[in-house]
Structures are given as structure tokens and as C-alpha cells.
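Please follow the structure shown below from its overall dimensions down to individual residues. The account begins with the surface and then turns to the fold, the helices and the loops.

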Amino acid sequence: MESRNLISIQLLCRRYNVPVSFIDTLQEFQLIEVILENDDFFIHVAQIKEVERMMRLHYDLDINIEGVD
């Protein structure tokens, strides 16, 4: 895997103003794959669209994570 195809979870959470715990929960429910590289956590940029969809479902429509799953 090349680093240019990855985005830092910290950067993603700052950009979308969501807590890191939301991404952790998505990983716990195996909705996304989180990658550890150089002591930091990343996701594939291809997953951003899915993460955006899950954020809208959870935060805008108030659907719990089980419902998002």
C-alpha cells in the first residue's frame, strides 16, 4: 500500500468535525478498514465516500451505528 492512497484519521476528523471515536466505532463494527502505518491511523481515500455517507446517516438523520450497519 502506498501512503498517497491513505488519509490520516486525525485529518479526516478535523476536516469533517467529527470525533475520532466515531471512526473507531465504524472500525469496531467492521464498516471501514483502519490501517496503522508509522504510528498513525489511516483509511484508504476510496473509503471517504462511504465514511461521508455514514456520517450523514448518523449525524444528520440521527441513525444509530447499528442502523448504519
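The accessible surface of the protein amounts to about 4800 Å², and carbon and sulfur atoms account for 47% of it. The model is a predicted one, and the values discussed here are computed from it. Charge is carried by 6 positive and 13 negative groups, and the mean positions of these two sets lie 11 Å apart. Of the 69 residues in the protein, 35% are buried.

The secondary structure consists of four helices and three strands. Following the chain from its start, one meets these elements in the pattern β-α-α-β-β-α-α. The radius of gyration is 12 Å, close to the 11 Å that the globule rule gives for 69 residues, so the protein is as compact as a globular protein of that length. The C-alpha trace spans about 35 × 20 × 20 Å along the principal axes. Contacts across the sequence can also be described: among those between residues at least 6 apart, 59% join residues at least 24 apart.

Helix α1 covers residues 9-16, and its buried residues are Ile9, Leu12 and Cys13. When the helix is viewed down its axis, these buried residues fall within an arc of 95°, so they line one face of α1. The general geometry of helices is relevant to this arrangement. An α-helix has 3.6 residues a turn, so residues three or four places apart point the same way. Arg14 and Arg15 are exposed on the other side of α1. Which elements receive the buried residues of α1? These residues pack against β1 (6-8), α2 (20-28), β3 (40-44) and α3 (48-60).

The loop between α1 and α2 contains Pro19. Is Pro19 buried, exposed or partly exposed? With a relative accessibility of 38%, Pro19 counts as partly exposed; the intermediate class lies between the limits of 20% for buried and 50% for exposed residues. Apart from its neighbours within four places in sequence, Pro19 is in contact with Cys13 and Tyr59. Cys13 is itself one of the buried residues of α1. Pro19 can also be placed relative to Ile9, another buried residue of that helix: the two are ten residues apart in sequence, and their C-alpha atoms are 9.8 Å apart in space.

In helix α2, the residues Phe22, Ile23 and Leu26 are buried. They cover an arc of only 95° around the axis, which puts them on the same side of α2. The buried residues of α2 pack against α1, α3 and α4. Helices α1 and α3 thus appear among the packing partners of α2, while α2 and α3 are included among those of α1.

Just after α2, the backbone at Gln30 takes a positive phi of about 55°. Gln30 is a residue other than glycine, and its place is in the loop between α2 and β2 (35-37). At 72% relative accessibility, Gln30 counts as exposed. A positive phi of about 55° also occurs at Asp62, which is not a glycine. Asp62 belongs to the loop between α3 and α4 (65-68), and its relative accessibility of 67% makes it exposed.

The loop between β3 and α3 holds Gln47. Is this loop residue buried or exposed? Gln47 has a relative accessible area of 18% and is buried, as the limit for that class is under 20%. Once residues up to four places away in sequence are set aside, Gln47 touches Ile32 and Glu33. Gln30, by contrast, is a loop residue that counts as exposed.

Helix α3 includes Asp60. Asp60 is exposed, with a relative accessible area of 59%. How far apart are the C-alpha atoms of Asp60 and Gln47? They are separated by 19 Å, and the two residues are 13 apart along the chain.

Conventions. Residues are numbered from 1 along each chain as its sequence is written. This is a predicted model: local features need pLDDT of at least 70, side-chain atom pairs count only at pLDDT 80 or more; totals for chains, interfaces and linings use all residues. Side-chain values use heavy atoms; hydrogens and water are left out. Helices (H or I, at least four residues) and strands (E, at least two) are DSSP runs, numbered from the N terminus. The radius of gyration is taken over C-alpha atoms; the globule rule is 2.2 Å times the number of residues to the power 0.38. Buried means under 20% relative accessible area, exposed over 50%, partly exposed in between (1.4 Å probe, protein chains only). Contact means heavy atoms within 4.5 Å. Accessible areas come from the Shrake-Rupley method with a 1.4 Å probe; for residues, only the protein chains shown count as cover. Lys and Arg count as positive and Asp and Glu as negative; His and the chain ends are not counted. The place of a charge is taken as NZ of Lys, CZ of Arg, CG of Asp or CD of Glu. The arc is that of the directions from the helix axis to the C-beta atoms.
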